[in-house]
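Q: Hey, I'm new to this one. Can you walk me through it?
A: Sure, here it is.

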Amino acid sequence: MATLREYFIKDGAQNLTTHETWELKNKQTGEKYGEIIARLHFDFESHAKYVSFYIPDLAGVELPEAIALNDISRILKSPEERVGIQMGIGDERKDGKYLIFTGQVYLYSERPVPAEHKSRLMAEAKEVGHHLTFRSMDYVNERNKWEKPLAFISHDSRDKSDIAQPLALKLLQFMCPVWYDESTLRVGDSLRESIEAGLKQCPKCIVLLTPNFLANSGWSKREYESIFTRELVEKKRVILPVWHKVTAKDVYEYSPVLADRVAVNWSLGVEEVARRLLVSINAKAPE
């Protein structure tokens, strides 16, 4: 089942975004409450931008949403302070700092905002031309009714930032929900139980075959063994291999079965890799 944090990452993933975090502390004791995540979304097609916040359950902070909303002005100025927030070519090139702020603000709160506080915040926001949308566990439960991960991404942790994360986000942009540990796991979750659930429930399993993955005798190896066992039990092909800087010989030595599977090479670029995987994910199994 997807989490609120996963939906925060997924929603608006089709747009270019800036991402920043700030830590809340007790000014007197220095005690750390936790981090709020803010994103500024740039919709270059509509010449518009909007803001979203992820707010964990911060024990000791009564209304962290109010703190987040007080920082909107600074967040909106970030394009003026950053380099490279542009899109398009030639005369069609647009700069993010000139996009118009729509006033839309999404608040993803792990702890639901009480109705009386919600009404007050919405009224205060309306006075300055802002429109607030609150999303919490009701939002998660409703979406989970109809949206389930279509693929599990098995990868070595050392390939997370360069391969696994970009691929997960690109598939999300193509409206293909995936099981990906960074957005699916929450603090306190059982790693083994969560991974096993993902391996069993997802129709397909994307295996990112890299030198790091092939050399990993720990989690990556156990994940692959679980996926292969599932294929034997269900008598279905669920493995979708992605190769990166590995040869047929490398893959054969790791698993002869994998060497016989048609794979997509990461050198094609994340968008093309995602498109080809999507075709296989959406393909109907033969009768």
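Q: Which residues of H11 are buried?
A: Ser220, Glu223, Tyr224, Ile227, Arg230 and Glu231; buried means under 20% relative accessible area, exposed over 50% and partly exposed in between (1.4 Å probe, protein chains only). They sit on the same side of H11, because they cover an arc of only 120° around the axis, taken from the directions from the helix axis to the C-beta atoms. Helices here are DSSP runs (H or I, at least four residues), and strands are runs of E, at least two, numbered from the N terminus.

Q: Is this a predicted model, and what should I know about the values?
A: The model is predicted: local features need pLDDT of at least 70, side-chain atom pairs count only at pLDDT 80 or more, and totals for chains, interfaces and linings use all residues. Residues are numbered from 1 along each chain as its sequence is written, and side-chain values use heavy atoms, with hydrogens and water left out.

Q: What does the face turned away from the buried side carry?
A: The exposed residues Leu232 and Val233.

Q: Which residue does glutamate 234 meet in a salt bridge?
A: Arginine 230, at 3.2 Å, N to O. A salt bridge is a side-chain nitrogen of Lys or Arg within 4 Å of a carboxyl oxygen of Asp or Glu. Both residues lie in H11, 4 residues apart.

Q: New topic: how many salt bridges are there in the whole structure?
A: A search finds 12. One of them pairs arginine 135 with aspartate 11 (3.3 Å, N to O), and both of those residues are buried.
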